[in-house]
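Work through the following exercises with the model at hand, and try each task before reading its solution.

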Amino acid sequence: MMNEDKYNFVKIFERSLRENWESEAVTDYGTDVTLTYGQLAINIEKLHILFKECGIKKNDKIAVMGKNNSNWIAVYLATITYGAIIVPILQDFRANDAIHIVNHSGAKLLFISDINWEGIDLDQIPKVLAAISLNDWHPISLALDPKKINFDAIAQKYKQKHPEGYWAQDLHFDERSNEEIGSINYTSGTTGFSKGVIMPLNGLAGNIRYAMDNQLVSRSSRHVTFLPLAHAYGCAFDFLSCLAAGGHTWLVGRTPSPKILLKAFSEIKPTIILSVPLILEKIYKKMIVPQIQKAPVSWVLKVPFLDEIVCAKIREQLVQAFGGQFRQMIIGGAPLNPEVEAFLYRIKFPMSVGYGMTECAPLICFTPYDEGSRLYSCGRPLPGIMEVKIVDPNAEGIGEVVVRGENTMIGYYKNPQATSDSFTSDGWLRTGDLGLLDEEGFLYIKGRCKTMLLGPSGQNIYPEEIEAKINNMPYVLESLVLQQEDNRLVALICPDYNEVDADGLTREQLVANLEEARKQVNSELAAYEQISIVKLYPHEFEKTPKKSIKRFLYTSMV
């Protein structure tokens, strides 16, 4: 257990709110809403009064669902510093999924964006005392006396409690041990129903500790927060770590298209950027690929020494597109396309790939760019925080990745069987990922245990690696490699219709091009990995909020 005072989760935020009282904390990007740390603390205090009026007790659950905004952050911090347990719900979940999570967790209050409330009513969530708008704090639906939680009434009680105002010296949160439960975060799950990850405050604090000790965040930090706050990755670093250090985070509540994000980056000039691969890959495809495929750039890139000049210019162009002032970009949440990673590594773009999971809040491995990150590796285990080993490795050293350490969950809420299945007999958490560790401790992820396929002679086939090759072919937006009952591999391909339309292709020409792509990819694969059939899929595959394809939805299609 970490130092109980310095790294105590509640104490971290008590100190930060006090010490940075006059500094700007959060901005709802695209609006005129900016809160200082002091204003955020006042909102937290008002929420504590609301919780008390609603009869919320220690360890009660409070759910929050909606787009990234400053009110979301206030609810999260108010819940934990009050002594309750936060239940973040991803805004992309359907109404039925949200209802299930609220009921399964036993949440007493639900803070929700108005748009997410559509399709839900209080009768469907009988244990909830009130649903409150994240847009403007108005009660959406009540099982309580409306006079108790009307925010005008709360404001009046706030004034009665603090007639001289509320200042940094007045701020004091009740003590909570890091061993106590801080959150129940429901996984999106690519292979079935979501499970509630029980995370102690120690796990949340472990990620903050790493970010602060390694100077990933500071008082001068500027973050553009476009990953969903309800997902462990964005929550841990764009929100919790940034505010723990006294930084300023701009919250992007709109769908994070490359156009919107590049505009935000140019205006805010972030000091560090957290992204999932899909965002970076789209920007790479739109900005870089058209340049490097045309002469004379494509020719110069093959000439020693001259290629370094071109690579430097491309790197500078890409760095400026992201605001020009960031130390490094951190990629996580899903595998990065190997071709994209190799090119960015070649041009020395300041980027590192990390590895984590919701069950570890989320970070397990990471090596900063300036400390020697390796191509195709997701770094070393966090020193002094996490341990990693490979169990049952094959001849190539590939086996299941298991982990343990400060960031590890307690288990799955109300699911003892899943909890038992997720840990080895000696206490290591099974990640479900296949990987190998090199001699210097760098981890390389090869695929998922559950998605690994077997070739005709028992060879291991990692569909993600094949998909990465297919996705680099012309007219391909994304793909999914599946196995038929006769063991032949099928590639479902969603075409890039923008590219198809731009080139004026007919359906027959598109099919012919994809068949040529199949042959090209097969020329780079072993015999047992060959794609036998390509099938067109009409639209993008359904994904989890971290942009992993929900494979289980498509296994019956081949």
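**Exercise 1.** Find the bridge partner of Val402 in E20, and then describe the sheet to which this pairing belongs.

*Solution.* Begin at Val402 in this predicted model, and look across to E20, where its bridge partner is Arg430. Next, widen the view to the strands themselves: E18 covers residues 399-405 and E20 covers residues 429-437, and the two run antiparallel, joined by four bridges. Then place this pair in its sheet, which is open and consists of four strands in the order E17-E18-E20-E21, with antiparallel pairing. At the edges are strand E17 (386-391) and strand E21 (443-448), each of which pairs on one side only. Finally, consider the twist: on average, neighbouring strands of this sheet are turned by 50° against each other, direction ignored.

**Exercise 2.** Determine how many cavities of 30 Å³ or more the structure holds, and work out which elements line the largest cavity.

*Solution.* First, count the cavities that reach 30 Å³, which gives three. Second, turn to the largest cavity, whose volume is about 120 Å³. Third, examine its lining of 13 residues, among which Tyr76, Ser183, Asn185, Leu204 and Ala232 lie nearest the centre. Fourth, assign the lining to elements: strand E8 (181-186), strand E9 (196-200) and helix H9 (232-244) each give two or more residues, and H9 gives the most, with four.

**Exercise 3.** Identify the residues that make a nonpolar surface patch of about 330 Å², and locate Ile309 in its helix.

*Solution.* The patch is made by Trp299, Leu306 and Ile309. Following the chain at Ile309 then leads to helix H14, which spans residues 306-321.

Technical notes
Residues numbered from 1 in each chain as written. Predicted model: local features only at pLDDT ≥ 70, side-chain atom pairs only at ≥ 80, totals over all residues. Heavy atoms only, no water. Pairing = 2+ DSSP bridges. Axes fitted to C-alpha atoms, helices over the stretch in contact; angles between N-to-C directions. Patch = residues over 30% accessible without salt bridge, like charges linked within 9 Å, V, L, I, M, F, W, Y side chains within 5 Å. Areas by Shrake-Rupley, 256 points an atom, 1.4 Å probe, with all protein chains shown as cover. Salt bridge = Lys/Arg side-chain N within 4 Å of Asp/Glu carboxyl O. 1 Å grid on protein atoms, 1.4 Å probe; cavity = no way out; pocket = protein on both sides within 12 Å on 5 of 7 lines; lining within 4 Å. Points joined across faces, edges and corners; volume = space filled by probe spheres on them.
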